[in-house]
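This briefing goes through one protein structure, topic by topic. Keep the sequence and the 3D view at hand while reading.

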Amino acid sequence: MKTIKRADILIILVVLVLCAGTLAGFLYLRGDAEGDYVVVYSQGSTYGTYSLGRNQTIKINNTNVLRIEDGEAYMESADCPDQICVNEGHISEPGQLIVCLPNLIVVEVISNGTDEG
């Protein structure tokens, strides 16, 4: 039976550190893939840009209320009759939208590396 030498232990430690570094880098990049902020458009113009990293409530044109909590955005309320935008649920990934057609409001998740257009 072969004994483990100091050099073998050092090699094992180096490999473990490299694996941990690779995993941490992957998780960091994966986190960047999630949206960083939402852009609210009203009647075709930009109404505002809001960070997904900050819990907040945004009143839009006295018709809709957008909530941002724990990195996700959702339409909390709207004065439109169909309530489709309220029922859209939570969005957090780039390209996801909430649309309120009666009030001409669009909420889009944008990542730092994503163009708005």
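Ser-42 is buried, with a relative accessible area of 10%. The model that shows this is a predicted one. Ser-42 belongs to strand β1, and the points below start from there before turning to the charged residues, the cysteines and the chain as a whole.

**Ser-42 and its surroundings**

- The side chain of Ser-42 makes a polar contact of 2.5 Å with the side chain of Asn-61.
- Which residues does Ser-42 touch, not counting residues up to four places away in sequence? They are Tyr-47, Asn-61, Leu-104 and Ile-105.
- Asn-61 therefore appears both as the polar partner of Ser-42 and among the residues that the buried Ser-42 touches.

**The hairpin of β1 and β2**

- Strand β1 covers residues 37-42 and strand β2 covers residues 45-51.
- The two strands run antiparallel and are joined by six bridges.
- Within this pairing, Val-39 stands opposite Thr-49 in β2.
- β1 and β2 form a hairpin, and two residues lie between them.
- Gln-43, in the turn, has a positive phi of about 55°.
- In a regular strand, side chains alternate between the two faces of the sheet.

**Charged residues**

- How many salt bridges does a search of the whole structure find? The search finds two.
- One of them joins the side chains of Arg-67 and Glu-69, at 2.2 Å from N to O.
- Arg-67 also forms a salt bridge with Glu-76, where the closest N and O atoms are 3.8 Å apart.
- Glu-76 is partly exposed, at 38% relative accessibility.
- Salt bridges with shared partners thus link Arg-67, Glu-69 and Glu-76 into one network.
- Glu-69 is likewise partly exposed, with a relative accessible area of 27%.
- As a general point, side chains of opposite charge can pair when their charged atoms come close.

**Cysteines**

- The whole structure was searched for disulfides, and zero were found.
- Cys-80 is in no disulfide, and its nearest cysteine sulfur, that of Cys-100, lies 3.7 Å away.
- A disulfide needs the two sulfur atoms within 2.5 Å, so the 3.7 Å between Cys-80 and Cys-100 does not meet the cut-off.
- Is Cys-80 buried or exposed? Cys-80 is buried, with a relative accessible area of 5%.
- Cys-85 is in no disulfide either, and the nearest cysteine sulfur is that of Cys-100, 3.7 Å away.
- Cys-85 counts as buried, at 1% relative accessibility.

**Pro-102**

- Pro-102 sits in the loop between β6 (97-100) and β7 (105-110).
- Pro-102 is partly exposed, with a relative accessible area of 45%.
- Apart from neighbours within four places in sequence, Pro-102 is in contact with Cys-80 and Asp-82.
- Pro-102 and Cys-85 are 17 residues apart in sequence, and their C-alpha atoms are 9.8 Å apart in space.

**The chain as a whole**

- The protein chain has two helices and seven strands.
- Along the sequence, these elements follow the pattern α-β-β-β-β-β-α-β-β.
- Of the 117 residues in the chain, 29% are buried.
- Among contacts with a separation of 6 or more, 33% are between residues 24 or more positions apart.
- The accessible surface of the chain is about 7900 Å², and 56% of this surface belongs to carbon and sulfur atoms.

Methods. Residues are numbered from 1 along each chain as its sequence is written. This is a predicted model: local features need pLDDT of at least 70, side-chain atom pairs count only at pLDDT 80 or more; totals for chains, interfaces and linings use all residues. Side-chain values use heavy atoms; hydrogens and water are left out. A salt bridge is a side-chain nitrogen of Lys or Arg within 4 Å of a carboxyl oxygen of Asp or Glu. Buried means under 20% relative accessible area, exposed over 50%, partly exposed in between (1.4 Å probe, protein chains only). Two strands pair if DSSP finds at least two bridges between them. Helices (H or I, at least four residues) and strands (E, at least two) are DSSP runs, numbered from the N terminus. A polar contact is a pair of N or O atoms within 3.5 Å; within protein, one must be able to donate a hydrogen and the other to accept it, and residues adjacent in sequence count only if both atoms are side-chain atoms. Contact means heavy atoms within 4.5 Å. Accessible areas come from the Shrake-Rupley method with a 1.4 Å probe; for residues, only the protein chains shown count as cover.
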